[in-house]
Each structure stands twice: as C-alpha cells, then as structure tokens.
Amino acid sequence: MVTDTAAAIPAAWAQEHAEYLRILPLPVMIDGQIYTEGLDDVETALALALATGASVQTSRPAPGAFQRTYESLAAAGFERIYSLHLSKELSGTVDAASWAAEQVDVEVTVLDTRTVGLAQGLAVMEAVIAAESGATAQELEHVVNRAQDHGLFFVVPSLEQLRKGGRIGAAASVFGTLLAVKPLLAIENGRIGVHEKVRTMPRAMSRLVEISREEAAAAPAGARIAVHYFGNPDQAHELCAELESSSIGDVLCEPLPTVLAAHAGAGVLAVVIAALPDPDEPQEPDTGSEAANDTDDLEEPGPIQHD
C-alpha cells in the first residue's frame, strides 16, 4: 500500500506496519522555503506563518518520487501495489501517481479516495491489515474503496484561509465574516461543501457533535471515530471525550496534516466517521461517484493550485 501524508496515519502505526506501507510526504512551502512533513518541524513553522499572515502554499509529490517507490516495492518482491491518495478535486497527487504507474513494470492500482485525513487513512490502515492477512485482490479492492463512504465534517473559526487556498470565493468569505456565519463543512463527492449554515461557533460545534453521533448511530455495524485539530489540542480532546461513547474503539485524536491545515487554518476541528463493514453488505468493489457537489452559496471550489 502506498499513500500520502494527507492520510494522517499515526507515525507509530505506520512504523509497525512498514513492510506493507509506504507514505509519501506532501510538501508545504512557507515564504518560499519547502518543508517536508515527517522530516522538518513544519507544524511550528506553519503555526507561525498562519499567525503572521505569511505566504503558505502546498504541492503534490513529484511523479519521480512515486516511480521510485513503486520500483523499490517491485524489487522487494511485491507483484501488485495499491496507491491510495487524497481527492483529486483537492490535489494533483492522483495524477502524479497515475503517471508514475505507467512507467513501471509492476501492476499498480491508483485510487482516488475522494476524501482526506483519517477518512482516507483509516481505509488505508484497514487495507494494510487485510493485505498482511493474505486478502485476495477482490477483497482488497472492496476495502480500499470504502474510503469514499467515510464521513468527514469540520468547522473553522475563519473562512479566510480557505479563501486564500482557493477553496471558497472572496465574496463568500467576507459575507461569512461580517455576519458571523460559521458553516459546518464537509467533504462531499471529493470536494469541500457546506453541510449546514449556523450563526455562531458554539452552535457549529454543537451541530458537529450531533451530526457525528447521528452518522455513527446510522452505521449498521457501528463506526470508528477520529478527530483532527490544528493548534487547539485542548478543544480536540474535549471533542473526543464527547464522541467516545459513539465510537467502536477509542476515538483517534490526531493533528490535521500540515498540507491540509495550510488551507483550513488554525483552530480547525474535524470529525471522521468510518462505518465498520456491514456483514450483510455484498463484497464487491465499488468505484464510487464522480459527481460534483453543490456548495450552495459558496463559490464552486476548484483544485488547489500547485506551484
């Protein structure tokens, strides 16, 4: 399994399963300097940049990095590789992986997970465990496609950083700021969409908890819940405690990967709801829908621009 740092897979877990997992870093550029998650102290640099209004940009891994990774896995004896990445509506990472897959002699299946964060990461982790257990190709196809069904809802104190990253228009950002509108956002069909519009941050937080509980309760076999944050760990741990009773297993509490925090901004809180497999569900691959999402009053977002 190959994925990227947008999947937010905990470092200790990744190290434990390193035989079957490779994670490519997504670069973050701050005031012209490139930082690599996992190698540089990018969290501190990004927090300072967001506080001071410094220039922040993100990029995809170079196609050559994917090619070298695939070739090294083939040399290690792997006959088939699954490469699972954040939504192509948000990044060009899938395109880079697809190009590299055509350059190598090993079979590579590149999957657009249509999501980000641990909505992506939990599906990758499940696929790694399945691969370690000797799952068939059809079983793995079914597992990796489950990422598209994982829910991800989030709130941000300000829409400004999303506007700077090209996720919403300037008019929508100013409108939201002046009227204190704090939309509850979600990843829907691979894009950022408005799930609900509420007036205040406390109300947005309340609805985030309510909707997360409802989504988990609607899963026939229960759901695993994860929480993301950036710069506000105390709030995140309070949110985890509120959702603990709705999760199968402990609620994962992980910082939002810096490549995502660069666009969401400081103070973001996100909840991932990953429904566990329904034992009555047919075990067949599902490629999911490519339909665009209606973002209501927010302007239609396009892919993040990479320099």
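This briefing walks through the sheets, helices and cysteines of the structure above. Keep in mind that the model is predicted. It has an open sheet of six strands and another open sheet of three strands, plus a right-handed β-α-β unit. If you're looking for disulfides, the count is zero.

**The six-stranded sheet**

- Reading across this open sheet, the strand order is β10-β9-β8-β13-β11-β12, and the pairing is mixed.
- The edges belong to β10 (191-196) and β12 (252-255), each of which pairs on one side only.
- From one strand to the next, the twist averages 25°.
- Strands β8 (residues 151-155) and β9 (residues 184-188) are antiparallel partners with two bridges between them, and here phenylalanine 153 sits opposite alanine 186 of β9.
- On to the β9 and β10 pair: these strands also run antiparallel, joined by five bridges, with isoleucine 187 facing isoleucine 192 of β10.
- The hairpin of β9 and β10 has two residues between its strands, and asparagine 189 there takes a positive phi near 55°.

**Helices α9 and α10**

- Helix α9 lies across β8, β9, β10, β11 (223-229) and β13 (269-275), and it runs at about 170° to β8.
- Helix α9 (residues 201-218) also packs with helix α10 (residues 233-243): the angle is about 35° and the axes are 10 Å apart.
- That crossing of α9 and α10 is right-handed.
- On the α9 side, the contact is made by Met205, Leu208, Val209, Ser212 and Arg213, while α10 brings in Leu239, Glu242 and Leu243.

**The three-stranded sheet**

- This open sheet goes β4-β3-β5, with antiparallel pairing.
- Both β4 (33-35) and β5 (56-58) have a single partner strand, so each has one side left without a neighbour in the sheet.
- Twist here averages 30° from one strand to the next.
- Three bridges hold the antiparallel pair of β3 (residues 28-30) and β5, and isoleucine 30 lines up opposite valine 56 in β5.
- Helix α2 (residues 42-52) packs on the sheet and touches β3, β4 and β5, with its direction at about 50° to that of β3.

**The β-α-β unit and helix α6**

- Strand β6 (residues 80-85) and strand β7 (residues 107-112) are parallel partners, with six bridges between them.
- Within that pair, arginine 80 is opposite glutamate 107 of β7.
- Put helix α4 (residues 93-101) together with β6 and β7 and you get the right-handed β-α-β unit.
- Over in helix α6 (residues 137-144), the buried residues are Leu140, Glu141, His142, Val143 and Val144.
- The cover over those buried α6 residues includes β6, β7 and α5 (117-132).

**Cysteines**

- Why don't cysteine 240 and cysteine 253 form a bond? Their sulfurs are 3.3 Å apart, which is too far, because a disulfide needs the two sulfur atoms within 2.5 Å.
- For cysteine 253, the sulfur of cysteine 240 is the nearest cysteine sulfur, and cysteine 253 is in no disulfide.
- Is cysteine 240 buried or exposed? Its relative accessible area is 6%, so cysteine 240 is buried.
- Cysteine 253 has a relative accessible area of 19% and also counts as buried, because the cut-off is under 20%.

Key. Residues are numbered from 1 along each chain as its sequence is written. This is a predicted model: local features need pLDDT of at least 70, side-chain atom pairs count only at pLDDT 80 or more; totals for chains, interfaces and linings use all residues. Side-chain values use heavy atoms; hydrogens and water are left out. Buried means under 20% relative accessible area, exposed over 50%, partly exposed in between (1.4 Å probe, protein chains only). Two strands pair if DSSP finds at least two bridges between them. Helices (H or I, at least four residues) and strands (E, at least two) are DSSP runs, numbered from the N terminus. A crossover is right-handed if, with the strands pointing away from the viewer, the path from the first strand over the helix to the second runs clockwise. Axes are lines fitted to C-alpha atoms, for helices over the stretch in contact, and angles run from 0 to 180 degrees between N-to-C directions. A crossing is left-handed if the near helix is turned anticlockwise from the far one by less than a right angle, and right-handed if clockwise. Contact means heavy atoms within 4.5 Å.
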